[in-house]
Amino acid sequence: DMLMKILGITLIILSSGLCGINYVSGRKERIDELRSFIYMLELIKAELSTNLSPLPVIANKVSENIDGKAADFSKLLLLNLSVLGEKGFESIWAESFRACETSFSDGEEQAVIKLGSVLGKYEIEYQTKAIEDCILVLRKREESCSAAYPQTKRLSLGLSVSTGVLLAIILV
């Protein structure tokens, strides 16, 4: 009987701790996601400014040099560019982005989608400025998430384990 109680207490504390770990893992994935898109946009900007490459070539180069959600997006974009002409680049960009199911906020999502309406249409300077604006939005969010991450990690793990201990005490 006592062994069952100890086992029950252990399971409660472990499961609540795992909830905290899961939450912290989601915060870390969000930071990584933002970083991968920032890196992708920096690569696109570099390709546009230095090589003046067309978008399909840029998408191909970028997809080979990044990872994470941004890699999924660029590979999807590259795949969907086969229907360019039937659909405009702007809608292909937006559909590819939405299909990636990022954890971006509305403002971040709008910044990335808005970029698709500029790329390939205007002078290089205007396109690179639009990329810089989008990077700025994502970087601000990434910096605030990164700055808050250590505190969030400690608080989430501590709170979840404490909740588990409290629940175990109440149930026993």
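Is F97 buried or exposed? In this predicted model, F97 comes out buried, with a relative accessible area of just 1%. Its aromatic partner F73 is buried too, at 0% relative accessibility, and so is F37.

These phenylalanines belong to a wider set of ring contacts. Searching the whole structure turns up seven aromatic pairs. One of them joins F37 and F73 in a tilted arrangement, with ring centres 5.8 Å apart and 40° between the planes. F37 sits in helix α1 (residues 2-51) and F73 in helix α3 (residues 69-80), so this pair ties together parts of the chain that are 36 residues apart in sequence. F73 also pairs with F97, this time edge-to-face, at 6.0 Å centre to centre and 80° between the planes. That contact is another link between distant parts of the chain, running from F73 in helix α3 to F97 in helix α4 (residues 89-99), 24 residues apart. Put together with F89, W93 and F104, the residues F37, F73 and F97 make up one aromatic cluster.

Then there is the empty space. The count comes to one cavity of 30 Å³ or more, and the volume of the largest cavity is about 60 Å³. Its lining is made up of I44, L55, I58, A59, V62, S74, L77, F89, W93 and L119. Helices α2 (55-65), α3 and α4 each give two or more residues to this lining, and α2 has the largest share, with four. Sorted by class, the lining holds nine nonpolar residues, one polar and no charged ones. Two of the lining residues, F89 and W93, are also members of the aromatic cluster.

Key: Residues numbered from 1 in each chain as written. Predicted model: local features only at pLDDT ≥ 70, side-chain atom pairs only at ≥ 80, totals over all residues. Heavy atoms only, no water. Phe/Tyr/Trp six-rings, centres within 6.5 Å; stacked < 30°, edge-to-face > 60°. Buried < 20%, exposed > 50% of the residue type's maximum accessible area, 1.4 Å probe, protein only. 1 Å grid on protein atoms, 1.4 Å probe; cavity = no way out; pocket = protein on both sides within 12 Å on 5 of 7 lines; lining within 4 Å. Points joined across faces, edges and corners; volume = space filled by probe spheres on them. Nonpolar A, V, L, I, M, F, W, Y, C, P; charged D, E, K, R; others polar.
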